Amino acid sequence: MDSSKDPKYLHKLVMHDIDKPVVFHGLIQNWPASEWTPELLTSVLGDKEVKIRIGLKEAKQWESTQWEADCSYETTTLTNFCSWLNQSGDKPQDRRGDNPLLQYDPEKYWCYVDYKYMAQLFEDHPDILQAIKWSDFGFETRDGKQSTIWIGSEGATTPGHYDTYGCNLVAQIYGRKKWHLFPPSQSAALYQTRIPYEESSVFSPINISKPDSTKYPQFTSTTPYIVTLDPGDVLFVPHHWWHFVETMETSISVNTWIEMETDHKDRFHEAITRMLASGILSSAGNDGKSKWLNPTEELYDSATNLMYLKKANESLLQHQQSTGPISTPHQPSALSMSAKSSHYSCDDQQESTPSHQVDNDEKVSAASLSDSPPAKRKKSCDSHVTIDDSVLPDFITPVPCLGHAYWKQNYHLDASSSVEEHNMNTETSSGETTFASENNIDLKLGSKGCVHEVEAQKFNAGDANQNQRNSGEMDDNILKIFLESVTDPEVVKHIGVVFSKKMKETA
């Protein structure tokens, strides 16, 4: 076997050596899944129903993004999805039949069977689950059971976001998809927001197809990494990298999220954010919830949220006691997870959907990689250390960084002065990140954090609009505090330290 295609070597690249998006070519042609088509999967699922998201194609020209809450939803079979796909353009179908999708003109709408856990969708079809072989990348026990499937028509989109947990491998099985990716350092220029709220997703309000440089002036200084995936390609999305995704033609893709050591901290961050979101959105009324809560998400009561926070805090402290403070995330650790979302249940067990345990054979030691090709490092265009492109095997292609000039060349937008570098972690003088530990209770907020603290005090003091808020209308200033505070790591950390201290006092 070519040593560069050795699963141990590929595992090392993904988990330790690469911190920029790359595409692996020609590694999944032997997967049984490479033969999949929408029609084949339809024959497998039969009458099993799935929830399908329907969006407007014209939304590409909107000044704002098309959120999931702006879409329509239908629950029907994949058979009906394929019937909708295969409509004849010169012979309009009867739109009053048993297929609810036929009411949507395919010239105006797209349909997306998105974010479906394969372990649930194909629970009666182990052959389909085993057709995904992440073992070719060194994850020996990982297959479709720890994967998510996405089946979409031309034009289907995923709003811009980054995943708070793990890193991501995406296998393009059928059709083509276009990806715009951005590094975590450019989060400020992407105007990150937690509204609509979804656990483990931080969104950008920018419509990547028609960016509004007047409303979002910093965006034109971003440096996009752009790639179109063809069938047989596998994309590596590093930790906290932003991505905007569009289906170029009918497409099937499968992904798996891989857990990292820093997920302990991110899980704690998410537990705090859930408490903030639940507390604020529960007073927003049905109209506010429909606007600010993603359709895929649900709110929990305070007792459940406190339990999640307690479990996340305990896990983080235990991890820090056994390994020391979590270092600034740069490379992932050799752990695994089954899904993007990763929080705790109230029975003291880690909860994920579908369930998956970390296996020892996924922890590849450095000693076992001594025969692997060397991985030289160099400085990249935005000062991150990354593997030297010249030593990558021919079947691995770095996703090209097109620079901020891309926006002027393609959208006639002039770049703003610079992108504000936004450090996602708080570092000590030794370069280590501490979070909610006993030795870090006396946290000093930065100037931005102090502003939020003053605003929060004003909010707690109450005002004449209390009755208005109780009636279901959210005050704009309160919304502003929420929008800003839950994307500011300093503020979330400050809240987390307070919770941690109170938990210790009441234990």
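**Notes on the predicted model**

1. Let's start with a proline. Pro32 sits in the loop between strand E1 (22–24) and H2. Keep in mind that this is a predicted model. With a relative accessible area of 42%, Pro32 is partly exposed. Setting aside neighbours within four places in sequence, Pro32 touches Ala131 and Lys133. Asp127 is also worth a look: its C-alpha is 9.0 Å from that of Pro32, with the two positions 95 residues apart in sequence.

2. Now the overall picture. The protein has 13 helices and 19 strands. Of its 507 residues, 54% are buried. If you take the contacts with a separation of 6 or more, 82% of them are between residues 24 or more positions apart.

3. H2 is the helix that follows the Pro32 loop, and here is how H2 packs. The axes of helix H2 (residues 38–45) and helix H3 (residues 78–85) come within 8 Å and cross at roughly 155°. An angle over 145° counts as roughly antiparallel, so that is the label for H2 and H3. Their crossing is left-handed. On the H2 side the contact uses Pro38, Glu39, Leu41, Thr42 and Leu45, while H3 brings Leu78, Thr79 and Cys82.

4. A second helix pair is worth pulling up. Helix H6 (residues 263–281) and helix H8 (residues 302–323) have axes that come within 8 Å and cross at roughly 160°. H6 and H8 are therefore roughly antiparallel, and this crossing is left-handed. From H6, the contact residues include His264, Phe268, Ala271, Ile272 and Met275. From H8, they include Leu306, Tyr308, Leu309, Ala312 and Leu316. Charged side chains take part too, among them Lys265, Arg267 and Arg274 of H6.

5. On to the aromatics. A search of the whole structure turns up 22 aromatic pairs. In one of them, the ring centres of Trp67 and Phe203 are 5.6 Å apart and the planes are at 85°, so the pair is edge-to-face. What does this pair tie together? Trp67 is in the loop between strand E2 (49–56) and strand E3 (72–77), and Phe203 is in strand E10 (residues 201–203), so the pair links parts that are 136 residues apart in sequence. Trp67 has 17% relative accessibility and therefore counts as buried. Phe203, at 2%, is buried as well.

6. Another edge-to-face pair is Trp110 with Tyr112: their ring centres are 6.4 Å apart and the planes are at 85°. Both Trp110 and Tyr112 are buried. They also belong to a cluster, in which ring pairs link Trp110, Tyr112, Tyr115, Tyr117, Trp150 and Trp257.

7. Tyr115, a member of that cluster, deserves its own check. Tyr115 is found in strand E4 (residues 109–117) and has a positive phi of about 55°, although it is not a glycine. Is Tyr115 buried or partly exposed? Buried means under 20% relative accessible area, and Tyr115 is at 21%, so it counts as partly exposed.

8. His412 is another non-glycine residue with a positive phi, about 60° in this case. His412 is in the loop between helix H9 (405–411) and helix H10 (447–461). At 70% relative accessibility, His412 counts as exposed.

9. Back to the loop between E2 and E3, where Thr65 lies. Thr65 counts as buried, at 9% relative accessibility. Beyond its neighbours within four places in sequence, Thr65 is in contact with Asp70, Pro159, Ser204, Pro205, Ile206 and Asn207.

10. There is a cis peptide bond to note as well. Which residues does it join? The bond is between Ile195 and Pro196, with omega at about 5°. Pro196 lies in strand E9 (residues 193–198).

11. Last, two lysines with their charged ends over rings. The charged end of Lys5 sits over the ring of Phe395, 5.3 Å from the ring centre. For Lys51, the ring underneath is that of Tyr73, and the distance to its centre is 4.9 Å.

Methods:
Residues numbered from 1 in each chain as written. Predicted model: local features only at pLDDT ≥ 70, side-chain atom pairs only at ≥ 80, totals over all residues. Heavy atoms only, no water. Phe/Tyr/Trp six-rings, centres within 6.5 Å; stacked < 30°, edge-to-face > 60°. Helix = DSSP H or I, 4+ residues; strand = E, 2+ residues; numbered from the N terminus. Buried < 20%, exposed > 50% of the residue type's maximum accessible area, 1.4 Å probe, protein only. Lys NZ or Arg CZ within 6 Å of the ring centre and 35° of its normal. Axes fitted to C-alpha atoms, helices over the stretch in contact; angles between N-to-C directions. Parallel < 35°, antiparallel > 145°, perpendicular 65-115°, else oblique. Left-handed = near helix turned anticlockwise from the far one by under 90°. Contact = heavy atoms within 4.5 Å.
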